[in-house]
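Here are some notes to read beside the structure. Please keep the sequence at hand and find each place as it is named.

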Amino acid sequence: MRTDVAQPIRLADYRPPDYLIDRVDLDIRLDRQATRVIARLKLRPNPQGKTGADLVLDGDGLRLKRLLLDGAPLDIHANFVTPDRLTIASPPHEPFSLEIETELNPAANTQLMGLYRSGSAYCTQCEAEGFRRITYFLDRPDVLSVYSVRLEAEQTDAPILLSNGNRTATAAIEGTSRHFAVWHDPFPKPCYLFALVGGDLGAIHDTFTTASGREVQLGIYVEHGKEPSAAYAMDALKRAMRWDEEVFGREYDLDVFNIVAVSDFNMGAMENKGLNVFNDKYILASPETATDTDYAQIEAVIAHEYFHNWTGNRITCRDWFQLCLKEGLTVFRDHEFSADMRSRAVRRIADVRTLRAQQFPEDAGPLAHNVRPDSYYEINNFYTATVYEKGAELIRMLKVLIGAKAFRAGMDLYFARYDGTAATVEQFIACFAEVSGRDLTQFSRWYSQSGTPLVEVEAHYDAAAQALTLDFRQSCKKTPGQDEKLPFVIPIELGLLSHDGKIFDLVTGPQDGASAHELATGVIELTEPRRRLTFHALPERPVVSLLRGFSAPISLCYAASEDDLIAQTAHDSDSFNRWQASQTYATRLLLRSVERIRAGGAAESDPRFIDALRHVLKASPADPAFAAQVLALPGEADIAREIGANVDPDAIFAARKALREAIGSGLADELRALYASLAEDGAYSPDAAAAGRRALRNAALDLYTAANPDGRTLAEAQFTHAPFMTDKIAGLGILALHAGAERERAFEAYYEFYKNEPLAIDKWFALQAAIPEAGALERIRALMTHPAFSLSNPNRARALIGAFAAGNQTQFNAPDGSGYDFVAAIVLQLDEKNPQVAARLLGAFKSWRALEPHRRGLAEAALRRVIAQNRLSPDVKDIVERSLN
Ligand code: ARG
Ligand code: ZN
């Protein structure tokens with residue numbers, strides 16, 4: 001654990017490295033407690049750096065055994081060596097070599113950064129700064145080197161030895177029980193993309209022939225016995241490889257592409273060159289153990305990591321401030337892939353739901369930061385929804401602004417110009433400015449100003465003139481360190497329709513401001529704080545469909561009438577806005593109910609909304625997945641975000657519960673009939689259409705059961721008899737909302753059935769952690785003593801503690817403060833072992849300032865207890881300090 005007084009790293013202080021490392025030869029002898037690493041580095045002074053500077057290599061908790069410069073031993077004590085740094089004063093002015101021997105203890109590595117053990121395997125995680133836990137190095141993404149790696153191990157301990165690139169040799173070491181493998185990666189890469197895996201693993205193999213006819217060997221390595229569960233991931237990989245050729249013109253470049261699934265992993269997955277390492281949650285799937293959502297996520301994460309090969313690996317980041325350059329862009333690419341593989345409309349709704357649930361609260365709270373941050377204390381805390389999800393929205397918005405053709409041309413230029421380099425956001429944006437002939441200076445503000453812009457729109461219809469005037473006003477609240485914001489460029493995709501769904505042409509006069517380009521594309525650009533537009537030739541007051549497809553990551557405020565919203569829900573030709581209209585309607589209703597409940601009254605009932613949903617159900621056979629999205633209703637956190645301040649989670653829960661009950665009783669017959677009509681028989685297929693039917697069927701049962709006790713019988717029967725996980729877990733999830741014997745029976749039966757399937761047991765913990773009842777915390781405390789629980793497995797910790805903190809709004813925010821105290825205590829406990837996971841858990845407090853005063857006080861007190869600890873990791877310290885700022 002680093003203890004030096006932290007100084008922020010600033011983008012403005014970027015300097016090129018003083019030395020470059022052209023070649024890295026690693027010789028690694030794997031051993032559980034004493035792995036020996038010999039790193040032979042070829043260095044030279046960087047012409048762009050300072051001449052004659054000391055060579056300062058990064059380390060993190062290293063044990064140096066030996067050090068040679070150009071073959072001559074260096075006195076370890078005469079040079080400045082600490083576990084965290086190796087300084088060589090005035091090294092040669094011409095190319096030189098260093099040989100560094102370190103010794104590691106992978107079994108003792110609980111941070112899961114650098115070289116560690118997961119199950120029976122050795123594996124690595126180097127992004128962002130894990131390589132310095134393996135050897136002393138210039139651990140920064142703008143130092144690109146060609147790697148050769150020799151791995152040696154006991155044959156029985158690690159019969160499989162993998163690293164980046166292509167394998168050039170492998171053999172038993174004669175006269176011993178050991179063997180070795182040599183891997184060579186011809187593509188220069190930053191050290192965060194280094195990886196090795198050693199272990200006794202099973203595998204499935206396949207091949208892929210690239211567009212230019214090269215054959216690539218594909219392998220997915222998993223725990224023995226799990227091989228069949230990797231088949232879907234392999235299928236997704238091949239589809240992703242083809243798609244990147246067809247849509248972005250990107251071919252794979254090595255002869256081998258390997259993926260390894262491990263069970264102990266801090267994040268989702270990692271794009272190491274030619275050797276992706278995955279959390280097994282994003283590889284393993286069988287119909288019996290994985291839900292439809294799991295399948296969709298596997299497809300997306302497989303694609304994401306594969307797409308990094310070009311956006312991240314061939315072109316990497318100059319420094320960690322540019323993280324969105326690879327992450328935002330790669331998330332955009334995986335969103336597009338999923339949209340092409342599934343329903344584009346439904347994917348868009350799901351992606352925006354995620355953005356609003358994860359990123360909007362971040363942007364509205366104390367942890368708000370730019371998509372490209374200006375400074376950081378701990379880079380691991382910037383793998384955020386802002387960098388990833390909002391970063392992806394910025395790319396999408398760029399495409400909306402310049403058009404699909406120019407977007408593709410810009411991407412091509414970017415690949416051609418920066419291949420093999422470590423690039424910046426400016427260089428990326430400049431490619432699109434160049435091909436489109438557009439000045440993107442104002443667009444770049446999206447990268448340097450945090451906060452979610454608010455766009456307020458007012459409409460005035462003049463019947464005599466048959467004209468509609470729209471007044472747009474943009475603003476953005478202040479965020480930490482940013483009191484004043486400059487206006488953003490905001491593309492608003494717009495449509496005008498009649499109440500029975502006819503589409504009006506967009507017609508403006510010469511003085512009304514919309515350009516021919518805007519009229520043709522239907523995309524209005526806001527660049528100033530205000531803009532007024534008038535549309536003509538409108539014989540009736542039109543329904544205004546604003547921000548179609550969610551064309552910009554903003555929050556929109558427009559007082560559409562209820563009639564308009566009902567008409568849009570029925571007819572909008574933009575399916576995103578058809579969904580959005582239903583959500584807006586529900587949100588308004590829920591907000592009114594919250595008010596009434598807090599004033600001591602009852603929730604509002606609204607037969608019109610129930611009626612609108614009846615129509616959605618009637619039309620649902622055409623698009624079940626879409627109907628399921630409408631039925632999902634805004635979540636508790638969505639409602640809290642809309643309320644924004646003085647939030648009372650209990651009132652929100654009560655309002656939402658009342659609405660669900662009203663729907664369940666108002667539409668009991670329809671829901672029951674729909675449930676029956678969508679009954680499945682036959683084999684499981686993870687495709688989007690089948691998943692959509694299951695989603696609708698389960699949404700129907702969920703709402704039905706909210707008001708009808710016999711729903712529980714249906715849910716229990718479904719839980720018991722469903723052959724596949726999606727329906728099984730849906731049944732259990734419904735039962736979990738209703739205290740009683742059925743629920744306890746079901747949880748017990750589930751555990752018995754799945755006790756040897758860790759990913760299924762994660763779901764078991766998570767569902768119980770989310771039970772929205774007093775007593776949830778007692779259940780969680782008891783579950784922590786369950787033999788299957790372990791705080792040191794990140795998936796398990798997230799399943800129980802994370803699901804509680806992020807998903808159980810009423811109990812995490814229990815008015816006695818017990819939820820806050822519990823999570824704060826766990827964070828402190830976990831921080832000693834795995835700071836990254838601990839810091840992420842603490843992120844659950846990100847909206848604490850928006851709570852009503854009593855809870856706010858309790859949340860603050862819990863955060864103050866965390867900050868008062870004097871042995872905090874930099875990770876947790878950074879989050880707690882910013883949270884309290
Ligand atoms: N680059 C990986 C991905 O997006 C995430 C790695 C994050 N690692 C970390 N230590 N924060 O797929
Ligand atoms: Zn990524």
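1. Strands, written β, are DSSP runs of E with at least two residues, and helices, written α, are runs of H or I with at least four residues; both are numbered from the N terminus. The model is a predicted one.

2. Start with the loop that joins β11 (121–125) to β12 (145–154), where alanine 128 is found. The peptide bond leading from glutamate 127 into alanine 128 is cis, and its omega is near 0°. For background, most peptide bonds are trans, and most residues other than glycine have a negative phi.

3. Glutamate 127 also appears beside ligand 1. Which residues come nearest to this ligand? They are Glu127, Met267, Met270, Asn380 and Tyr383, out of 13 residues around ligand 1. Two elements, β20 (269–270) and α2 (292–307), each give two or more residues to this shell. By type, the shell around ligand 1 holds five nonpolar, four polar and four charged residues.

4. Leucine 112 is not a glycine, yet its phi is positive, at about 60°. Leucine 112 sits in the loop between β9 (96–104) and β10 (114–118). Is leucine 112 buried or exposed? Leucine 112 counts as buried because it has 24 C-beta neighbours inside 10 Å, and the cut-off for buried is 20 or more.

5. Glutamine 466 is another residue with a positive phi, about 50°, although it is not a glycine. The loop that holds glutamine 466 runs between β25 (454–462) and β26 (467–475). Glutamine 466 counts as partly exposed, because 15 C-beta neighbours lie inside 10 Å. From glutamine 466 to aspartate 821 there are 355 residues in sequence and 60 Å in space, C-alpha to C-alpha.

6. The strands on either side of that loop, β25 and β26, run antiparallel and are joined by nine bridges. One of the residue pairs is alanine 459 with leucine 470, its bridge partner in β26. In general, strands of a sheet pair through backbone hydrogen bonds, and they do so either parallel or antiparallel.

7. How are the four strands of this open sheet ordered? The order is β30-β26-β25-β32, with mixed pairing. At the edges are β30 (530–535) and β32 (555–558), each of which pairs on one side only. The average turn between neighbouring strands of this sheet is 20°, direction ignored.

8. The protein is divided into domain 1 (9–200), domain 2 (316–443), domain 3 (454–487 + 489–558) and domain 4 (575–884). Between the C-alpha centres of domain 1 and domain 4 the distance is 44 Å.

9. UniProt, in an unreviewed entry, lists residues 94–193 as "domain: Aminopeptidase N-like N-terminal". In the model this span is 52% strand and 0% helix, and its end C-alpha atoms lie 27 Å apart.

10. The UniProt annotation "domain: Peptidase M1 alanyl aminopeptidase C-terminal", also from an unreviewed entry, covers residues 563–885. What are the helix and strand contents over residues 563–885? The chain there is 73% helix and 0% strand, with the end C-alpha atoms 44 Å apart.

Conventions:
Residues are numbered from 1 along each chain as its sequence is written. Chains are lettered from A and ligands numbered from 1 in the order in which they are written. This is a predicted model: local features need pLDDT of at least 70, side-chain atom pairs count only at pLDDT 80 or more; totals for chains, interfaces and linings use all residues. A residue is buried if 20 or more other C-beta atoms lie within 10 Å of its own, exposed if 12 or fewer, and partly exposed in between; C-beta atoms are placed from the backbone. A residue is near a molecule or strand if its C-beta atom, placed from the backbone, lies within 6 Å of it. Ala, Val, Leu, Ile, Met, Phe, Trp, Tyr, Cys and Pro count as nonpolar, Asp, Glu, Lys and Arg as charged, and the others, Gly among them, as polar. UniProt positions are given in the numbering used here, feature names are shortened, and annotations may be inferred rather than shown by experiment. Two strands pair if DSSP finds at least two bridges between them. Axes are lines fitted to C-alpha atoms, for helices over the stretch in contact, and angles run from 0 to 180 degrees between N-to-C directions. Domain bounds come from an automatic or database domain assignment.
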